[in-house]
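Load the model in your viewer and keep the selection panel within reach. We will go stop by stop, with something to select at each one.

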Amino acid sequence: AGHRGDIGYGKIILLGEHSVVYGRHAIAAPIPLNIRAEVKPQREHIDLMIPRWGVEMRLSEPERCISSLHASITLIAERLGVAERGMRVDVVPHIPRANGLGASAALAVAVIRAMARCFEVEISEREISNLAFDCEKIAHGTPSGIDNTLATFGRPILFRKENAGARPEIRDLATPDPIPVIIGLSGVATLTMQTVGNVRTAWQKNPERYEAIFSQIDQLALAGVEALRKGDIAELGELMNIDHGLLNALQVSSWEIEELVEIARRNGALGAKLTGGGGGGAMIAVCEPERTQSIASAMRAASYNTFITEIR
Ligand code: PMV
């Protein structure tokens, strides 16, 4: 009683988006923004309410077009063995949607936890992450698994996706002092499915050229582990700047993201790059603690929304 719902964590990718889809390493960290869900039994029907996103649907009734949200919640109920039960699912998202901050995975994790709690279904953390991964497949096609992993575990990790049936590689990361991060929102919905698809098309045409880029990004992610361990913000920043250059080589940035990166660097950021799928969405910048406010203010002065957070 008194709990404010179950949580799925939002995330930022510090190094390695896109190449992580091709089996390379990536570093991701949770952000204080999350999604909460609560499930209460009712006589019949499964109702889903997300007032902040204008969502109000009865899942047991056929829809004209089955949304990925509809399909995900139905899959969760089936897999927990409670699809025949009546329930009301209330979701309160504190993560902006479609910004590459992992809102869809966080939503799945929050709903899985809440539904399992409501019907007293036992489920391990790994099973929660796996089920959220299956939900992500509905929304994204070929996800690497990094979003559901972060949404479940909520700690900084080095991640490498499952390969030929082997489990994903997940290594906990730590940093001696919190590293300040500014998140800038482009205001344009991220097109993760599209950018992932574009990269795939380019890779299919010229696998060697793109494998070389992915391997360079892999080296940056691995070097990032050391930078975090030492709390070396300047080194982490340099790795992020180079990674952003390689993400530009993959053509997944956007006009707004480039402007935000430029503003961050001009105002003292030690590193700035897009985060997540790109094509819009969000970017991140790291800096010395005393620079955070001025970088965020400069982004806001150019009409972008920002969040200040830290890696810890
Ligand atoms: O879902 P997003 O926009 O946070 O992007 C996830 C990162 C990608 O590497 C682009 C895709 C993936 O599945 O890893």
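Domain bounds here come from an automatic or database domain assignment. With that in mind, colour residues 6-172 as domain 1 and residues 179-311 as domain 2, the two parts into which the protein chain is divided. Two housekeeping notes before we move on. Residues are numbered from 1 along each chain as its sequence is written. The model is predicted, so local features need pLDDT of at least 70 and side-chain atom pairs count only at pLDDT 80 or more, while totals for chains, interfaces and linings use all residues.

**Stop 1: where the domains meet**

Place a marker at the centre of each domain, taken over C-alpha atoms: the centres are 24 Å apart. The contact between them takes 28 residues from domain 1 and 34 residues from domain 2; two residues are in contact if their C-beta atoms, placed from the backbone, lie within 7 Å. Now select strand 1 (6-15) and strand 2 (26-41), each of which supplies at least two residues of the side of domain 1 that touches domain 2. Strand 2 gives the most to that side, with six residues. Helices (H or I, at least four residues) and strands (E, at least two) are DSSP runs, numbered from the N terminus.

What classes of residue make up this side of domain 1? It has 17 nonpolar, nine polar and two charged residues. Ala, Val, Leu, Ile, Met, Phe, Trp, Tyr, Cys and Pro count as nonpolar, Asp, Glu, Lys and Arg as charged, and the others, Gly among them, as polar.

**Stop 2: the ligand**

Centre the view on the ligand. Both domain 1 and domain 2 give residues to the shell around the ligand, so it lies between them. Show the 17 residues that surround the ligand, of which G100, P143, S144, G276 and G277 are the closest; a residue is near a molecule if its C-beta atom, placed from the backbone, lies within 6 Å of it. By class, this shell has six nonpolar, nine polar and two charged residues. Highlight helix 4 (146-153) and helix 5 (192-205) too, since each supplies at least two residues of the shell.

**Stop 3: a hairpin in domain 1**

Select residues 46-50 and 55-58, which are strand 3 and strand 4. Four bridges join these antiparallel strands, and two strands pair if DSSP finds at least two bridges between them. I50 has V55 as its bridge partner in strand 4. The two strands form a hairpin with four residues between them, and G54 in the turn has a positive phi of about 65 degrees. Strand 3 is also joined by four bridges to strand 5 (residues 87-93), this time running parallel. There, M87 is the bridge partner of I46.

**Stop 4: the four-stranded sheet**

Move on to an open sheet of four strands, ordered 9-10-8-11 with antiparallel pairing. Its edge strands, strand 9 (271-275) and strand 11 (305-311), each pair on one side only. Strand 9 pairs with strand 10 (residues 282-286) over five bridges, and L274 has M283 as its bridge partner in strand 10.

Finally, add helix 7 (residues 233-249), which lies across strand 8 (179-185), strand 9 and strand 10 at about 45 degrees to strand 9. Helix 8 (residues 255-266) lies across strand 8, strand 9 and strand 10 as well, running at about 160 degrees to strand 9. Axes are lines fitted to C-alpha atoms, for helices over the stretch in contact, and angles run from 0 to 180 degrees between N-to-C directions.
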